[in-house]
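Please open the model in your viewer and keep the selection panel at hand. The tour below goes from one selection to the next and says what is found at each stop.

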Amino acid sequence: MSPTSANADAAVEFAVQMCRKYDATLTGLYVGTPLRFEGEVRRGISDEMMAQLRETERQAAGSIEAKFRAQVAALGFGGAVEWLVEEGQPNPVLARLARY
């Protein structure tokens, strides 16, 4: 599975256009859903396995950030760029961060 989609690529292109037009900061965002396991399931997962799951998530975020930054560079954007990694449910996180 690709770390991003054609829709994400198009969104970055559009965001770069808007940032150029309005002299704005370009912000990339990765929202990771918290790892939650209930009761017996959690007891059956070792701490080592949980650490591996978290590391896999961290690597996925890093891969997506690298692709984002490469795409921004390929588009020749010279403005301010920031990258955020948040944990939570994607829609509420996006809504909260879109306000600021």
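Is Arg58 buried or exposed? Select Arg58 in this predicted model: with a relative accessible area of 51%, Arg58 is exposed, because the cut-off for that class is over 50%.

Keep Arg58 selected and add Glu55, since the two form a salt bridge whose closest N and O atoms are 2.5 Å apart. Both residues belong to helix α3, where they are three residues apart, about one turn of the helix. Glu55 has a relative accessible area of 32% and is partly exposed.

Stay on helix α3 and select Arg69 together with Glu65, which form another salt bridge, with 3.0 Å between the closest N and O atoms. These two are four residues apart in α3, so about one helical turn separates Arg69 from Glu65. Arg69 is partly exposed at a relative accessible area of 37%, and Glu65, at 24%, also counts as partly exposed.

Next, select Lys67 and Asp9, whose side chains meet in a salt bridge with an N to O distance of 2.9 Å. Because Lys67 lies in helix α3 and Asp9 in helix α1, this pair ties together parts that are 58 residues apart in sequence. Lys67 is partly exposed, with a relative accessible area of 30%, and Asp9 is partly exposed as well, at 22%. The structure holds four salt bridges, including the pairs visited here.

Now turn to the pockets, and begin with the second largest, because Arg58 appears again among its lining residues. Its volume is about 230 Å³, and its lining can be shown by selecting Tyr30, Gly32, Thr33, Pro34, Leu35, Arg54, Glu57, Arg58, Ala61, Val85, Glu86 and Glu87. Elements β1, α3 and β2 (81–87) each give two or more residues to this lining, and the largest share, four residues, comes from α3. Coloured by class, the lining shows five nonpolar, two polar and five charged residues.

For the last stop, select Ala11, Val12, Thr27, Gly28 and Leu29, which lie nearest the centre of the largest pocket, among the 23 residues that line it. The volume of this pocket is about 560 Å³. Show α1 (6–22), β1 (26–32) and α3 (47–74), each of which supplies at least two residues of the lining, with α1 giving the largest share, eight residues. By class, this lining divides into 15 nonpolar, six polar and two charged residues.

Conventions: Residues numbered from 1 in each chain as written. Predicted model: local features only at pLDDT ≥ 70, side-chain atom pairs only at ≥ 80, totals over all residues. Heavy atoms only, no water. 1 Å grid on protein atoms, 1.4 Å probe; cavity = no way out; pocket = protein on both sides within 12 Å on 5 of 7 lines; lining within 4 Å. Points joined across faces, edges and corners; volume = space filled by probe spheres on them. Nonpolar A, V, L, I, M, F, W, Y, C, P; charged D, E, K, R; others polar. Buried < 20%, exposed > 50% of the residue type's maximum accessible area, 1.4 Å probe, protein only.
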